[in-house]
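Q: I am new to reading protein structures, and I would like a close look at one part of this one. Could you walk me through the sheet and what lies around it?

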Amino acid sequence: MAANNIPYKIYLSENEIPKQWYNLNAAMKDKHDPFLNPATGKPCTKDDLRAVFCDDCIDQELNFTDLYIDIPEGIRDFYRMYRPAPLVRAYCLEKALGTPAEIYYKFEGNNTSGSHKLNSAAAQAYYAKKQGLKSITTETGAGQWGTALSMASAFYGLDLTVYMVKVSSEQKPYRKEVMRTYGAQVVPSPSDTTNAGRKILQEFPGTGGSLGCAISEAVEKAVTSDSCRYVLGSVLDHVVLHQSVIGLEAKAALDKYGVEIDTVIGCVGGGSNFGGLIAPFMGDKIAGKNDIDFIGVEPASCPSLTRGKYVYDFCDSAKTTPLARMYTLGCGFMPSASHAGGLRYHGMSPIVSKLYHDGYMRAVAVEQTKVFEAAEYFARTEGILPAPESSHAILAAIDEAIACKKTGQKKKILFGLTGTGYFDMAAYKQYNDGTMTDSIPSDADLAKGFASIPDIPQNK
């Protein structure tokens with residue numbers, strides 16, 4: 001126990017695992033625009049989505065009214081294997097920085113998948129099994145989502161095909177082997193196994209791929225296979241819903257010690273972990289109960305919030321998915337091969353996009369070398385080797401704490417430590433060898449991506 005009576009790690013009991021998810025959609029006064037059917041230009045109905053997604057997930061996706069949605073016991077049974085996750089007071093980091101700020105982080109790496117992704121993987125696999133499906137398919141960037149879903153698929157007895165962004169499969173071969181160990185078939189994307197993959201390879205010879213490419217292949221696999229559905233690890237509203245267990249547990253742990261947070265920070269790629277972390281805190285802000293500063297941190301190499309456009313765009317590169325109004329770099333944008341593979345997505349969650357557009361949060365873009373500098377500092381002070389994605393949030397938290405040192409402010413800062421970096425040693429080696437570089441797209445690069453945004457009336 002620390003001197004001020006706040007322990008290093010705040011644990012909840014097993015009985016305090018949330019029994020309901022927090023639906024941020026219902027808390028938002030102004031809802032985000034609906035998904036559009038690209039064939040009709042009209043809002044998507046349940047029937048439009050049924051061929052791609054599980055029925056229960058569609059119901060959650062279209063639920064804008066229920067603030068709390070029950071978590072089935074079959075999912076809570078899975079959660080009990082690794083939840084509740086600890087909330088940690090970063091005393092060692094605070095001391096090293098010499099800051100008057102209090103720094104807390106919600107650690108989601110205490111499971112074999114090494115990340116927060118298991119929270120939604122368990123839910124979506126459960127609903128697929130409940131529906132009587134035999135198989136599911138998905139994409140993965142850095143491999144954390146694919147690993148989580150392979151674990152959940154094995155638990156619920158489902159066949160799984162994972163399209164893994166090619167550059168990530170090359171950078172993280174052992175992450176691929178973990179997926180295979182749990183029974184998943186892993187296909188580097190883009191591949192020659194789908195029409196979408198072959199088209200992308202023809203247009204971008206030698207490409208390392210992107211999440212948008214991998215989504216295209218996974219969706220094609222789902223709609224052309226019997227008893228199969230596509231499941232997504234980020235972006236969509238029901239994924240943000242499932243990840244709200246992060247924010248709910250964090251808030252409950254902080255409430256135990258009367259800690260009122262001033263700043264909440266998370267990395268943003270597709271937006272699910274950030275949306276889940278902020279959910280109950282943001283709901284209170286919308287209701288006028290707090291004035292928390294919410295900060296989404298994205299890679300400068302793929303800056304959808306800070307340099308993107310708020311328009312309707314396809315969620316995949318092959319333009320087969322519904323249209324979502326979001327901050328986007330264009331579905332044809334091909335990001336550089338940065339090591340934060342989980343953040344290499346052209347668009348952003350419609351929920352997060354709407355909150356950003358309406359001024360409820362802010363966003364910053366950071367360079368890769370600075371991210372790894374912060375990751376190294378954190379590893380040496382707090383003893384956890386963080387994932388490159390998580391390290392974006394670490395960098396922003398350190399920057400905020402240093403600013404407090406200069407001003408004397410005693411802010412209370414919470415950030416999401418979404419996972420561990422033990423499968424990212426090629427990236428750490430590159431940083432330690434001094435060969436890591438930063439890639440920031442030029443305005444001309446962005447213009448090429450923006451040219452792929454559909455020319456529809458809603459974007460005029």
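A: Here is a walk along the sheet, followed by the helices that touch it and then the pockets. Please keep in mind that this is a predicted model.

Let's start with the overall layout. The sheet is open and built from seven strands, which follow one another in the order β1-β4-β5-β15-β10-β11-β14. Their pairing is mixed. At the two edges you will find β1, residues 9-10, and β14, residues 362-366. Each of these edge strands has a pairing partner on one side only.

Now go to the β1 edge. There, β1 pairs with β4, which covers residues 87-89. The two strands are antiparallel and are joined over two bridges. If you want a spot to find on your screen, look for I10, which stands opposite L87 in β4.

Next, move along the order to β10 and β11. This pair is parallel and is held over five bridges. Here G266 stands opposite G296 in β11. You will also see that β11 is mostly covered, with six of its seven residues buried.

With the strands in place, we can add the helices. Helix α13, residues 244-256, lies across four strands: β1, β4, β5 and β15. Its direction runs at about 140° to β5, the strand of residues 102-107. A second helix, α14, spans residues 272-286 and packs on the sheet as well. The strands that α14 touches are β10 (263-267), β11 (293-299) and β15. Between the directions of α14 and β11 the angle is about 160°.

Finally, let's turn to the pockets. Rolling a probe the size of a water molecule over the atoms is a way to show where empty space is left. The largest pocket holds about 280 Å³ of space. It is lined by 21 residues, and those closest to its centre are L49, V52, F53, T321 and P322. Helices α2 (46-49), α3 (55-61) and α11 (211-223) each supply at least two lining residues. The most come from α3, which gives three. By class, this lining has 15 nonpolar, four polar and two charged residues.

The second largest pocket has about 220 Å³ of space. Of its 13 lining residues, F333, M334, P335, D445 and K448 are the closest to the centre. That lining divides into six nonpolar, five polar and two charged residues.

Notes. Residues numbered from 1 in each chain as written. Predicted model: local features only at pLDDT ≥ 70, side-chain atom pairs only at ≥ 80, totals over all residues. Heavy atoms only, no water. Pairing = 2+ DSSP bridges. Contact = heavy atoms within 4.5 Å. Axes fitted to C-alpha atoms, helices over the stretch in contact; angles between N-to-C directions. 1 Å grid on protein atoms, 1.4 Å probe; cavity = no way out; pocket = protein on both sides within 12 Å on 5 of 7 lines; lining within 4 Å. Points joined across faces, edges and corners; volume = space filled by probe spheres on them. Nonpolar A, V, L, I, M, F, W, Y, C, P; charged D, E, K, R; others polar. Buried < 20%, exposed > 50% of the residue type's maximum accessible area, 1.4 Å probe, protein only.
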